[in-house]
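I opened this entry to look up two things, the charged pairs and one packing of helices. My notes follow in the order in which I went through them.

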Amino acid sequence: MTITVPFYRHDLRPADAEKIAKVLATPILTSGSVGKAVEAQLAAFFGTRYAGLTNSWTNGALAALLAMDIGQGDEVIVPAMTFISSANIAEILGAKPVFVDVAPDTLLISLDRMRDAVTERTRAVIPVHLYGQMVDIRQMKAVLSEMGRPDIRIIEDSAHCFEGRFDDYGPSAHSDVAIFSFYATKNVACGEGGAFVTNSEDLYLKLMQTRLHGMSAGAVDRYQKGHYRHWDMERLGTKANLPDLLAALLPDQIATIRDRLSIRQALAARYESAFRDTPIRIAPVRQEALSARHIFPIHVRPAIRDRAIGILNESGIGVAVNFRSVPTATYYARKYGYTAADFPVSYEWGEGEITLPLFPSMTRAEQDYVIETVRGKVAPLC
Ligand SMILES: Cc1ncc(COP(=O)(O)O)c(C=O)c1O
């Protein structure tokens, strides 16, 4: 029997429209008191001094690079196995994304390759917490210090990892800033959105400007107490603020994120045990890591990957590919001459990866069907 299993099903319900209706009843549709309350909630959740909402990971990260004055002539180190936007943000600002391969035992940025890639032009590293598993940021910071380069900024790409941890710490504990995505399919989602958290007052104050054109005061602050206040522009910014209309969807999701993590963990554990005796490879998770289990990637022989995707789609199962190696995408390969041989681990993983459906409302029947189809129709081809 064929059933349809979507790649992703979000948890928002028509009743959540009430939260948006409450914002519509106020004069402020853009960033106001609702977003400010969510920022306080985020700072409390992560135990940071500061948090700011953004309208995407990408725009938040652009604002962070602008706040750090990173641009022309600078280099930013990025893992080759990630989503394109981790690198695009540097490229857009005229900095060079210097790609490094990932470690085969984690699929996360290799600290050895990072060490090799540091030059006098390196200004930042963007470790990516791929699939929900955190990079050991404490270790990364120690390596940069040992190299005599504590000045290199660490910007965590936490798009996949809101609730994940490494050992006894979470995102932002040992970096300059951690940036999240609230895109439609993320563990915390409002359609499009994001946030940053940081302990640096200097970076926070600059980021609050670069997320809003570089203006010295936001819309609400400009009209406080009925009196218009002049604003200035001290640095160049972008437009990265999140409207209250979307921020209103976040508080309940943040408050219940840990409950949903246990559901994600149970789904991931079922997949893992179902595929253990097959030739299908599973993305490894280190013992010290508590993965946010954002998505569930498997790896099949690259020669049959696209055929396997076809079979799963014809069986009514939605899948995705997260991701193909970024430096070998046409744009970066053409511009910088990167080849597959420069990033063997990322390239090989990216040519065989398939992401299976995993979301908190997935039923046992849905997961059984995916498992049965993968075991019955894909595994024999591997
Ligand atoms: C690893 C990673 N970084 C960054 C992003 C960009 O997030 P956003 O769509 O919020 O800009 C994504 C989006 O899927 C991602 O997977």
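**Salt bridges and a helix pair**

I searched the whole structure for salt bridges and found 21. I keep in mind that this is a predicted model, and I looked up several of the pairs one by one.

I began with Arg115, which forms a salt bridge with Asp112, and I noted 3.0 Å between the closest N and O atoms. Both residues belong to helix H5 (residues 111–117), where they are three residues apart and therefore separated by about one helical turn. I then checked accessibility: Arg115 is partly exposed at a relative accessible area of 33%, and Asp112, at 45% relative accessibility, also counts as partly exposed.

Next I turned to Asp168, whose salt bridge with Arg138 has its closest N and O atoms 3.2 Å apart. Asp168 lies in the loop between strand E6 (165–166) and strand E7 (177–181), whereas Arg138 is in helix H6 (residues 137–146), so the pair ties together parts that are 30 residues apart in sequence. Asp168 counts as exposed, because its relative accessibility is 53% and the class begins over 50%. Arg138, with 33% relative accessibility, counts as partly exposed.

The third pair I looked up is Arg270 with Asp368, a salt bridge in which the closest N and O atoms are 2.7 Å apart. This pair links distant parts of the chain, since Arg270 sits in helix H11 (residues 257–275) and Asp368 in helix H15, 98 residues apart. I recorded 23% relative accessibility for Arg270, which counts as partly exposed, and a relative accessible area of 31% for Asp368, which is partly exposed as well.

I also noted a network of salt bridges that links Asp16, Lys19 and Asp252.

**Packing of H12 and H15**

Having met H15 through Asp368, I asked at what angle helix H12 and helix H15 pack. For H12 (residues 305–314) and H15 (residues 364–378) I found an angle of about 135°, with the axes 11 Å apart. The two helices are therefore oblique to each other, and their crossing is right-handed. On the H12 side the contact is made by Ala308, Ile311 and Leu312, and on the H15 side by Thr373, Val374, Lys377 and Val378. When I sorted the residues of this contact by type, I obtained five nonpolar, one polar and one charged.

Terms used: Residues numbered from 1 in each chain as written. Predicted model: local features only at pLDDT ≥ 70, side-chain atom pairs only at ≥ 80, totals over all residues. Heavy atoms only, no water. Axes fitted to C-alpha atoms, helices over the stretch in contact; angles between N-to-C directions. Helix = DSSP H or I, 4+ residues; strand = E, 2+ residues; numbered from the N terminus. Parallel < 35°, antiparallel > 145°, perpendicular 65-115°, else oblique. Left-handed = near helix turned anticlockwise from the far one by under 90°. Contact = heavy atoms within 4.5 Å. Nonpolar A, V, L, I, M, F, W, Y, C, P; charged D, E, K, R; others polar. Salt bridge = Lys/Arg side-chain N within 4 Å of Asp/Glu carboxyl O. Buried < 20%, exposed > 50% of the residue type's maximum accessible area, 1.4 Å probe, protein only.
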